[in-house]
Structures are given as structure tokens and as C-alpha cells.
Amino acid sequence: MNNLLVCLGFTMTLRSLHAAFMRDAVVSAAGLSSQWHVLSYSSLLRKLISRLSAPLICRRTCWTYRPVSLCGSTGRNHRLLRVLLQEAHQKHRGKMSMGPTQCDEVTEVVCLESELQDGQMKEVEVNHHKIVLVRNEGKFSAVGGLCTHYGAPLIKGALVGNRVRCPWHGACFNTTTGDIEEYPGLDSLPTYKVKVEDGKVYVTAGKQTLTKRVKEMSCRVPGVCHTVLLIGGGPASLQCAETLRQNNYGGRIIIVTKDEHLPLDKTKLSKAMNIEVEKILLRPSDFLQQHGIEVLKEKEVVSVNTEAKTVAFNDGTSQHYDQLLISTGARARAMQCPGAEMENVKLLESYKDAAGIYQMSVGKKAVIIGTSFIGMEVAAYLSDKAASVAVVGKSKFPYQFSLGPDIGKMTMKMLEEKNVKFYMSSDVAEMRGVKGRVKEIVLQNGDVLPADVVIVGIGVIPNSDFLKGSMVEVDSRNAVVVDKFMKTNIPDVFAAGDVASFPLCIHEDKRVQIGHWQLAQAHGRVAALNMLNKQTELNSVPFFWTVLLGKSIRYTGYGEGYTDIVFKGNVDERKFLAFYIKGDDVVAAASLNFDPAVAKVAEIMATGKKITKSQAESEDLGWLQLP
């Protein structure tokens, strides 16, 4: 007999509850004062309770819960339930207090109706809650005011229709439901009741301060013999798992990862290398257990048999699946030069790598090979911790082909001001060391750099080697080929994240491989919905950010092959907006200290509208509707 502890808000009529409970519930005869004790339930009741037991923001009338033992006959329990329902109904109608379970609310006038026009938002505060009030098509709504990802103020973001986009990293939220609609981040916003009366706008909030809301999720249902296996412990797998549970999937969910930790926010590893692992867990262990999401750590897949629907692991075990997600990401590319195998030559792929690089670098001579986003972030982070930091790059400037030479030159100057030395238009000829440890780097031009630790950031390779021998299609770069639904060429096999080559909606549906955190989450969500036969296409606009010395560069779109860059502001003053042009269209945008410009561009692109070169070149940016 399953015991269920339920706190039910008065969100359905008591008649509906009574009918459902009378059909399916067995209640205890013990302890029935002003509480409901539900102890056994059928599938119908389980669905009912799943809907009603979502976290309560605050309600005037609510019931508490406590476990009791089953006793009494079914008939007597039904009669007791009827009495209880009638008593509760009378108390609700009379607004009688439920004692310690009463949830107080605070209602305040936040503005006049005339202060907010359609398409506008306003930040208000009610009982210490930061709230964004939105007016759209004459209707008011109110949601939490801070992005659930890193806490950015949404009032500074981009509002289009009933969706607000975070100015920092591009997460999007529905301003009516509070639900997260684009990533990064896992959680939704709390919502608040709004009332307009006599030209005044009232917002009601509870005493408990909430900044985020977890979407309602189911858990594994006994007897459901269906398994979804998710290979990889990154954001694509986790988002896929949560989306399945949010859509009432009751089968078994297994995440397999070669990492020793639960899924982490790995974007932090190059920006805060000594951070505690607990601070970057995407979800704690008890959350995953509560929703029936298994995580098998330190376990690596070595082969896949798509005909038998099994995967084999490096420890000799295997696992059957009904549906499979390949989200193994990409691994750091290793150096190919004499001496590159020495022990203090490091790649940054895991939490253990980040912690080790930090410990080896403090007070020592660090050399970073590569001016990628990872390499530059590591150089910036170590600039005030290592005795010296040197960066070696093949191009003339960092980011020369992605962000352009002007921005690359600016970032180079930023780091040089922190005593980082650059050796550009060069490459490593060899690494020399003693007793298996590098002591110096020899460049192709003959320069010799002393080194106590070498960090290599020269690109990535898709983790798809285990698919050799299977029928799963990969492209010339070894990325797994998928369609708009994240489906591979094999039924019931999906792929997502950095390992996937997918059609990009803003790039004429041409296949691309993009290693963005936000896209990996979007892939995971789309894969999950299509696993459930809820046909959903990928329509996300890429959004990326990098942080150097506390300054964040935002980027949206897909700029590969751009032919021109149009700047607004001043790059040298580190306050600019850059439009990347290809033909007559803007294909991407980047900014520094120019929020919410990139968020605005992303929202325009998300609607399918084109931004022209003439718009970008215009002195008047009114079309962008910046504050």
C-alpha cells in the first residue's frame, strides 16, 4: 500500500474532488479533524493529485498533510470522506481559518492602468518580491523579475508579445504562464495574481519569496516497461529527462556519464576554476531521485547495437533501451607535437581538470595554447593567480574568425593590461621537459617560453567513436546527423548537443554543428517531445556568451562566412554592438556593455524576420527599440 502525503489547494470544486475520491480513494478513519489523509490511489487519482499537488505559491485556503495508517472499511471511509468534504466546503465558503496551515497573501497597488501600454513592462515590488508586470493585448500579467538562470533583471531584457528574453544569456519566459521557453536555465518563473479595478493595478504575492518555479514533473510508474537511455551527462541529457517527466512519461530514465559527478554547469569551469562542485550542480541527487531519473556515473559507452537496442559499457555490462539519446558532447583536441604527452600538459574537460589546472597554476608559469573562448577565459581567470600567463595563437588576434579582428584586438588589450603576454601568428614546435614534466615551450619562430603548466584549447572533436560499426549516420567531422526533430537515421535513436549536426532554422536549414550550452538544452527538449510523439521542430536561435575579467560579450545568430561587420558604439571604449553581414542580411550580432541589444536581435530572428544591412548601417536604431 502506497502512502501519499498531499497538500491540496482549493483549485478544483469540491464536488469534482468528491467524485474522483469516491471512485478511487480509500481514506483512513483515524485523525480526521481538518485534514485529508489519502493512502491508496488508482491511476485516475494519481493523475488528479499530480495536477493539484504542484508547489503552492500562496493560497488563502490550503490543507496540510500527515501520514496515518489504513483502517476501517471502504464504505465507512467513503462516508467519512463525504462528511470531511462537506465540512471543508463550509469552511471554505465561510473563509474559516485552517489554523497553522493558512497562507497569508499581500495585495498592493503597483501602478495605474494608464501607466503601462501594450507591449510594455514595468518592474514592481510586492512584499519584497521583484516582479515584472506586463501588458499585452490589453491584459496584465505578472511574473518573477529575475531570470532563473543566473538572476539577471528581466526588466532589462527584450519583451516581444508575451515573451521576455533575458539580457545576459538569452533565456526566454512566457509572461503569462511564467514557463521557460528558451534556454539556458532549467526552471520557470513564479506567477502572481493581477487585478485591475477603478483604473488601478493590484498584484498579489505571498509572504514566501520565490525566485524560480520547478515545472510539475511526474515520476516513474511501476509496471511501465519502457526505458529511455541518455548517453552523456550534459545539459541535453538532463533537459531531455526533465521534459519527459514534465510530459508524464512514466517509464525508466537512465543518464549514463563518464564523469564522476552529477550533471554540472560546465560553462563555469573556465570562468571560475576553483569553484566548489556543489555550487555548479544542475540538480541535486535528491531531486533526480524524487523524479525517477537515474544517473550512472563513471560509466562509458563503447558500442551501440541498434538492432538489439542495447549499449555496451567499458566495464563489460550492457543496457537495453527502447529509445536512445546520443548526447556525448565533444572532447578537447589534443596537441600533436613532441612532448605533448607530458603530465603537466592539460586539457579542460571536467571539474577535476579545472580544479587540477587551478592548483597547478597558482604562483606558477602558465602557458595557454589556443585563443579559443575556453583558452581566453582560462587566461583571464589565471591572470591574477599565476606568476605569469602566456597565450600562444595561430591567428593575428584572438577570435579573429568568429568575432572579428577588432573585437579580438580589444580582448587582447584587456588581458595585456593584466600582464598576460600574447605570442600570436605562431605555433608550438615542441615541448621540452624533465622527468615527464614540461619546463619550456619552443615556438616555431624560435621563441622559448618557460612553463610549469600548459593548458591546451585548440578546438574539439565530437564524441562519436563508439558508434563505429553501428548504422547511425555521422558526417565528415564525425558529428551525428539529425533532422529538425533530433532524429537520426535509425528509428528510436536521437542525438543532441555538441555531438549533433542539425538543420539551423536561421541558416536556411543547412546543417551545422554548434557547441552552445543553450542549444544543447533546446536539443534535449525537442528530442524528448518527439520521443513522446509530440511532433516538435527545432526553431532555436543560437545565443552564446563569454566572460573576460568580469566583462561579458553576448552573441546571437550564426555568423560563419560573414563578409562585413557594422559597429555601433566604440570597440576601443569597450561599449559596442556589432552586426555581422552576409550579402544584404544581418546573420549575427555581438555586444559588450550594450544590453539588451543582442537579446532584441535574437527575438527578431526568432520571429523569422530578416534584419537588413541598411538597417544595421542606419544611424537610427529605433527599429531595435532599445531603452
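Rings of Phe, Tyr and Trp (its six-membered ring) count as a pair if their centres lie within 6.5 Å. With that in hand, here is a walk through this structure, which is a predicted model.

**Aromatic contacts**

Seven aromatic pairs turn up in the structure. One of them brings F373 and F544 together edge-to-face, at 4.7 Å centre to centre and with 65 degrees between the planes. Since F373 belongs to helix α7 and F544 to strand β34 (residues 543-548), this pair ties together parts that are 171 residues apart in sequence. Y399 joins in too: F373, Y399 and F544 make up one aromatic cluster. As for cover, F544 is buried, with a relative accessible area of 17%, while F373 counts as partly exposed at 23% relative accessibility.

Another pair is F579 with W623, and this one is tilted: 5.9 Å centre to centre, 40 degrees between the planes. It also links distant parts of the chain, with F579 in strand β37 (residues 575-582) and W623 in the segment after α11 (613-617), 44 residues apart. F579 has 0% relative accessibility and so counts as buried, whereas W623, at 23%, counts as partly exposed.

**Helices α7 and α4**

The helix that carries F373 is α7. How much of helix α7 (residues 373-382) is covered? Most of it, with eight of its ten residues buried. Those eight are G375, M376, E377, V378, A379, A380, Y381 and L382.

Now for α4. Twelve of its twelve residues are buried, and the list takes in charged-type names along with the rest: among them are E242 and R245, as well as L238, C240 and L244. What do the buried residues of α4 pack against? Their partners are four strands, β13 (227-231), β14 (252-256), β15 (293-296) and β19 (323-326), plus the helices α5 (285-290) and α9 (517-531).

The length of α4 works out as well. At 1.5 Å a residue, the twelve residues of this helix (residues 235-246) should span 16 Å, and the end C-alpha atoms are 16 Å apart, so the two agree. Just after α4 comes N248, which takes a positive phi of about 65 degrees.

**A three-stranded sheet**

There's an open sheet of three strands here, in the order β25-β26-β27, with antiparallel pairing. Its edge strands are β25 (428-434) and β27 (448-450), each of which pairs on one side only. From one strand to the next, the twist averages 25 degrees. Strands of a sheet pair through backbone hydrogen bonds, either parallel or antiparallel. In this case β25 and strand β26 (residues 437-443) run antiparallel and share six bridges. For a residue-level handle, R432 has E440 in β26 as its bridge partner.

**Backbone oddities in the loops**

A few loops hold less usual backbone geometry, collected in this table.

| Site | Backbone feature | Loop |
|---|---|---|
| Y183 to P184 | cis peptide bond, omega about 20 degrees | P184 between β10 (180-182) and β11 (191-197) |
| D595 to P596 | cis peptide bond, omega near 0 degrees | P596 between β38 (585-592) and α10 (597-606) |
| K309 | positive phi of about 55 degrees | between β16 (301-305) and β17 (310-313) |
| E508 | positive phi of about 55 degrees | between β32 (500-504) and β33 (510-512) |

K309 is not a glycine, yet its phi is positive, and E508 is not a glycine either. Is E508 buried or exposed? At 63% relative accessibility, E508 counts as exposed, because the cut-off for that is over 50%.

**Cysteines**

How many disulfides does the structure hold? Zero. A disulfide is a covalent bond between the sulfur atoms of two cysteines. The cut-off used here puts those sulfur atoms within 2.5 Å. The sulfur of C166 has its closest cysteine sulfur in C147, 3.8 Å away, which is too far for a bond. For C172, the closest cysteine sulfur is in C166, at 8.8 Å, and that is too far as well. Cover is another matter: C166 counts as buried at 2% relative accessibility, and C172 counts as buried at 0%.

Note on methods:
Residues numbered from 1 in each chain as written. Predicted model: local features only at pLDDT ≥ 70, side-chain atom pairs only at ≥ 80, totals over all residues. Heavy atoms only, no water. Helix = DSSP H or I, 4+ residues; strand = E, 2+ residues; numbered from the N terminus. Expected span 1.5 Å × (residues − 1). Buried < 20%, exposed > 50% of the residue type's maximum accessible area, 1.4 Å probe, protein only. Contact = heavy atoms within 4.5 Å. Pairing = 2+ DSSP bridges. Axes fitted to C-alpha atoms, helices over the stretch in contact; angles between N-to-C directions. Phe/Tyr/Trp six-rings, centres within 6.5 Å; stacked < 30°, edge-to-face > 60°.
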